[in-house]
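Biologist: I should like to learn how to read a structural model feature by feature. Could we begin with a single side-chain contact and then widen the view?

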Amino acid sequence: MGKQKKTGSADTLYKVFIYVTLITLTILIIVPVAWVFLASVKQNSEFYGNPWALPAGFYWQNFVDAWNAASMGSYMLNSVIVTALALALLLVIALPAAYCLSRFQFRGSKLLNTCFMAGLFINVNYIVVPIFLMFKDGDAWLTKLLGHGFLMNNLFTLALVYASTALPFTIYLLSGYFATLPHDFEEAAYIDGAGYGTTMVRVIFPMAQPSIITIILFNFLSFWNEYIISMTLMSSATGQKTLPVGLLNLMQAAQAKTEYGRQYAGLVLVMLPTLILYMCVQKKLTQGMTVGGLKG
């Protein structure tokens, strides 16, 4: 009886510790986000009082000014185009590659797997300068050949770099999930006369939907919030800057003119798409992260 009581007390203390930790972390995350949302609808005069005070009213003009006067609408459109292109390129390349590497053994498959795994240890921020120099030299060569270059200050090129740098992690995650799927479904499709491509698209990909949604969300967050590569490769294109770069310009202008409400409205515009997307795919995301670790 004494051991049972001690075990029960230890379990209770452990649960209390877990709940207190989770509640603390939740507060640390929610409070700053809520503060930004409240600050985005305040007038500038309200920032000189109590910073924790609720707004006197909802000053929606901050969003109008951020969208129009600060060109946040143009920056957001550029980010949407780049993110959509990068995700499309990534899925077209990574899905077949991960499927082949996880389901088939062929000459060179181990070497390809090793190369992709090695890419996980390369931080893209460390190779931004070589990428910039490579594209700059390429544009110089194209200018001599064609009269103009198109590698620098190009949204498609930026999307291509995003997709390329995300390939190792994406293939690693998808390969782990594909490896857990049973071969019975493929064999049944082959018996019915389906080819490898048809089986992959109509059988395997629908079964791997949770994992695909997981990599879409992870890479969307990465592409949407990326700053260093965009700032480097789009340095001369004022009208083609992405949202994080435009947000930095907005923050600098807002601080100079003490327009803090417009600054926080810009922050909200950046956060909203990611929050909405996460809420829409939360269940699929959890399923993709947990099922991918099981062995079938």
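Modeller: Let us begin with one pair of side chains: Glu226 and Tyr162 are joined by a polar contact of 2.5 Å. Please keep in mind that this is a predicted model.

Biologist: Where does Glu226 lie, and which residues does Glu226 touch?

Modeller: Glu226 sits in the loop between α9 and α10 (228–233). Leaving out residues up to four places away in sequence, Glu226 touches Tyr162, Thr242 and Pro244. The C-alpha atoms of Glu226 and Leu243 are 9.0 Å apart, while 17 residues separate the two in sequence.

Biologist: Is Glu226 buried or exposed?

Modeller: The cut-off for buried is under 20% relative accessible area. Glu226 has 12% relative accessibility and therefore counts as buried.

Biologist: How should the overall fold be summarised?

Modeller: One lists the secondary structure elements and then asks about burial and contacts. The protein has 12 helices and 0 strands. Of its 296 residues, 35% are buried. Among contacts between residues at least 6 apart in sequence, 72% join residues at least 24 apart.

Biologist: How does one read the two sides of a helix?

Modeller: An α-helix has 3.6 residues a turn, so residues three or four places apart point the same way. In helix α2 (residues 61–69), the residues Asn62, Phe63 and Ala66 are buried. They cover an arc of only 100° around the axis, and therefore lie on the same side of α2. Asn68 and Ala69, on the other side of α2, are exposed.

Biologist: What is the sign of phi at Ser71, which follows α2?

Modeller: Phi of Ser71 is positive, near 60°. A second case is Asn153, a residue other than glycine with a positive phi near 55°. Asn153 belongs to the loop between α5 (128–146) and α6 (155–178). With a relative accessible area of 24%, Asn153 is partly exposed.

Biologist: How is the packing of two helices described?

Modeller: Two packed helices are described by the angle between their axes and the distance between the axes. Take helix α3 (residues 72–103) and helix α8 (residues 196–207): their axes come within 12 Å and cross at roughly 90°. This makes α3 roughly perpendicular to α8. By class, their contact has 6 nonpolar, 1 polar and 1 charged residues.

Biologist: Which residues of α3 and α8 meet?

Modeller: From α3 come Leu95, Pro96, Tyr99 and Arg103, and these meet Thr199, Met200, Ile204 and Phe205 in α8.

Biologist: At what angle do the axes of α8 and α9 cross?

Modeller: They cross at roughly 75°, and the axes come within 5 Å. Accordingly, α8 is roughly perpendicular to α9. On the α8 side the contact is made by Phe205, Pro206 and Met207, and on the α9 side by Gln209, Pro210 and Ile212. The residues of this contact divide into 5 nonpolar, 1 polar and no charged.

Biologist: Which backbone atom lies 2.8 Å from a polar atom of the side chain of Thr214?

Modeller: That atom is the backbone oxygen of Pro210. Thr214 is part of helix α9 (residues 209–225). Thr214 counts as buried because its relative accessibility is 1%.

Biologist: How may one trace the surroundings of a buried residue?

Modeller: One sets aside its neighbours in sequence and lists the remaining contacts. Thr83, in helix α3, counts as buried at 3% relative accessibility. Beyond its neighbours within four places in sequence, Thr83 is in contact with Phe220, Phe223 and Trp224.

Biologist: Which residues does Val270 touch?

Modeller: Val270 is located in helix α12 (residues 260–291). Not counting residues up to four places away in sequence, Val270 touches Trp224, Asn225, Leu243 and Leu247. Its relative accessible area is 10%, so Val270 is buried.

Biologist: How many residues along the chain lie between Val270 and Asn225, and what separates their C-alpha atoms in space?

Modeller: The two are 45 residues apart along the chain, and their C-alpha atoms are separated by 8.2 Å. Trp224 appears in the contact lists of both Thr83 and Val270.

Conventions
Residues numbered from 1 in each chain as written. Predicted model: local features only at pLDDT ≥ 70, side-chain atom pairs only at ≥ 80, totals over all residues. Heavy atoms only, no water. Helix = DSSP H or I, 4+ residues; strand = E, 2+ residues; numbered from the N terminus. Buried < 20%, exposed > 50% of the residue type's maximum accessible area, 1.4 Å probe, protein only. Polar contact = N/O pair within 3.5 Å; in protein donor to acceptor, adjacent residues only side chain to side chain. Arc of directions from axis to C-beta. Axes fitted to C-alpha atoms, helices over the stretch in contact; angles between N-to-C directions. Parallel < 35°, antiparallel > 145°, perpendicular 65-115°, else oblique. Contact = heavy atoms within 4.5 Å. Nonpolar A, V, L, I, M, F, W, Y, C, P; charged D, E, K, R; others polar.
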